[in-house]
Amino acid sequence: MSKRVLITGITGQDGSYLAEFLLAQGYDVHGMVRRSSTEGFDRIRHIRSRITLHQADLLDQLSIVRLLDAIRPDEVYNLAAMSFVPTSWEQPLLTGEFTALGVTRMLEAIRQVDLGIRFYQASSSEMFGAVREEPQNENTRFWPRSPYGVAKVYGHWITVNYRESFGIFACSGILFNHESPRRGKEFVTRKVTDAVARIKLGLQDKLYLGNLDAMRDWGFAGDYVRAMWMMLQQEKPDDYVIATGEKHSVRELVETAFSYVGMDWRHHVEIDPKLIRPAEVCTLRGDAAKARRVLGWHPQVSFTQLVQMMVDADLEAVRREVADTAH
Ligand code: NAP
Ligand code: GDD
């Protein structure tokens, strides 16, 4: 019989790639979605008929317990969270409810329904914040710099704690930034590639950005969801850093994206001081040696391939948008 899985955050970037990946592995895929007055299922429209969606909310303990009891999954991937760092300063309490306490609610549901369910927690390199060493690995001290980062530290430690307290097969994947054509448009990579497409096609002239000196270790989301699954297939639960080991600045990202379509970014990019964060994570670069050694995981898409893939996808999306408006 095929294994059953529940993905929270299935409508998000990672949820959609993970659902595709698990369908290809022969899983019976279930997704948790929160109630909304309109359906935001764009990223999973192409697989909608092959997955089962259920309404529940990270804020509602009973809804999660009932869901787990009804589905009885073998594996749970907890990807749902308020994931945009700037919003976490505007809505710090809600961020704590979703991104921190939401993890405890998932783990409590497992504790109540079936201690044998394997659990993946979507932890983040934002936990390293004001980095204490470079590159960052599983033993690097956390120093989060945003309410989002603080909430993720809580989520990480409660996952470790439920593993140690109740023997749950719970893994925390400390993933560095990962992107794709399905990335939300407020994140810097997609904001840049979408703007490059619009500027190239004559629909926009300027792109306003914040800190061009920030550096990130950017990988491809499709590669990273594979690592999540690998963690849950091991004999023992553990925590893993997933990263490319390379870092690039926002300025390099911008140069790479604009030059790919033959444009000079300096004619189009302007700084908007409102986009500078109250506390910045200036640099991140991960050391995924443990994941390579234990899981046999390697990223397959390079930084340049990633940026070009995203620009190509946005050129196509914007062309389609223009054609649709013309009709
Ligand atoms: P994303 O695109 O923003 O997706 C977030 C998902 O969470 C969406 O499906 C959203 O549903 C859902 N969600 C939010 N609040 C919820 C609630 N109260 N109840 C139920 N569902 C809720 O994020 P992503 O990039 O795929 O990231 C997935 C996870 O990995 C997140 O936890 C993120 O913090 C973490 N992470 C991401 C990265 C990265 O670089 N992408 C790196 C490290 C860690 P709606 O569609 O209803 O909004
Ligand atoms: N979003 C955004 N918009 N970021 C900008 C801009 C801009 O206009 N200009 C410069 N940046 C800089 C930010 O200051 C930050 O240093 C960097 O670009 C990356 O910002 P984001 O793409 O918003 O991602 P993030 O690193 O803050 O957070 C993402 O990665 C985390 C893992 O490290 C999110 O996916 C988090 O959910 C994830 O945990």
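Which residues does Val29 touch, not counting residues up to four places away in sequence? In this predicted model, its partners are Val5, Ile7, Ile10, Ala19, Leu22, Leu23, Ile51 and Thr52. That list is a good way into the interior, since Val29 belongs with Leu22 and Tyr77 to the trio that touches the most other members of the largest nonpolar core, a set of 67 residues. Helix α7, spanning residues 221-232, gives this core its largest share, nine residues. Because domain 1 (4-178 + 218-242) and domain 2 (182-216 + 246-278 + 302-320) both contribute residues, the core lies between the two domains. Another core, of 23 residues, lies apart from it, and Leu6, Ile71, Ala80 and Ile110 are among its members. As background, nonpolar side chains tend to be buried together in soluble globular proteins.

Let us stay with buried residues a little longer and turn to helix α8, which runs from 250 to 260. Here Val250, Leu253, Val254, Thr256, Ala257 and Phe258 are buried. What lies over them? The cover for these buried residues of α8 includes two helices, α6 and α10 (303-326), along with the strands β8, β12 (248-249) and β13 (269-271). After α8 comes Gly262, with a positive phi near 75°.

Now for the ligands, starting with ligand 1. Its shell holds 24 residues, and the closest are Thr11, Asp14, Arg34, Ser83 and Tyr148. Within this shell, α1 (13-24), β5 (118-124) and α5 (147-166) each supply at least two residues, and the largest share, three residues, comes from β5. A few atom pairs make the picture more concrete. The side chain of Thr11 places an N or O atom 2.6 Å from an oxygen atom of ligand 1, while a polar side-chain atom of Lys152 is 2.9 Å from an oxygen atom of this ligand. The backbone takes part too: a polar backbone atom of Leu58 sits 3.3 Å from a nitrogen atom of ligand 1. On its own, ligand 1 has 910 Å² of accessible area, and the protein covers 87% of it.

Ligand 2 is surrounded by 25 residues, of which Ser83, Ser124, Ser125, Tyr148 and Arg277 are the closest. Ser83 and Tyr148 may look familiar, as they are also listed among the closest residues to ligand 1. Ser83 offers a backbone N or O atom 2.6 Å from an oxygen atom of ligand 2. Ser125 instead uses its side chain, with a polar atom 2.6 Å from an oxygen atom of the ligand. For Tyr148, an N or O atom of the side chain lies 2.5 Å from a ligand 2 oxygen. Of the 710 Å² of accessible area that ligand 2 has on its own, the protein covers 95%. Helix α6 (188-200) and strand β8 (207-209) each give at least two residues to this shell; both elements also appear in the cover over α8.

To finish, look at Lys3, in the segment before β1 (4-8). Is this residue buried or exposed? Neither quite fits: its relative accessibility is 36%, so Lys3 counts as partly exposed. Beyond its neighbours within four places in sequence, Lys3 is in contact with Tyr27, Asp28, Asp74, Glu75 and Gln233. Its side chain makes polar contacts with the side chains of Glu75, at 3.4 Å, and Gln233, at 3.3 Å. Lys3 and Pro73 are 70 residues apart along the chain, with 7.6 Å between their C-alpha atoms.

Methods. Residues are numbered from 1 along each chain as its sequence is written. Chains are lettered from A and ligands numbered from 1 in the order in which they are written. This is a predicted model: local features need pLDDT of at least 70, side-chain atom pairs count only at pLDDT 80 or more; totals for chains, interfaces and linings use all residues. Side-chain values use heavy atoms; hydrogens and water are left out. A nonpolar core is a set of buried Ala, Val, Leu, Ile, Met, Phe, Trp, Tyr and Cys residues joined through side-chain atoms within 4.5 Å. Buried means under 20% relative accessible area, exposed over 50%, partly exposed in between (1.4 Å probe, protein chains only). Helices (H or I, at least four residues) and strands (E, at least two) are DSSP runs, numbered from the N terminus. Domain bounds come from an automatic or database domain assignment. Contact means heavy atoms within 4.5 Å. A residue is near a molecule or strand if one of its heavy atoms lies within 4 Å of it. A polar contact is a pair of N or O atoms within 3.5 Å; within protein, one must be able to donate a hydrogen and the other to accept it, and residues adjacent in sequence count only if both atoms are side-chain atoms. Accessible areas come from the Shrake-Rupley method with a 1.4 Å probe; for residues, only the protein chains shown count as cover.
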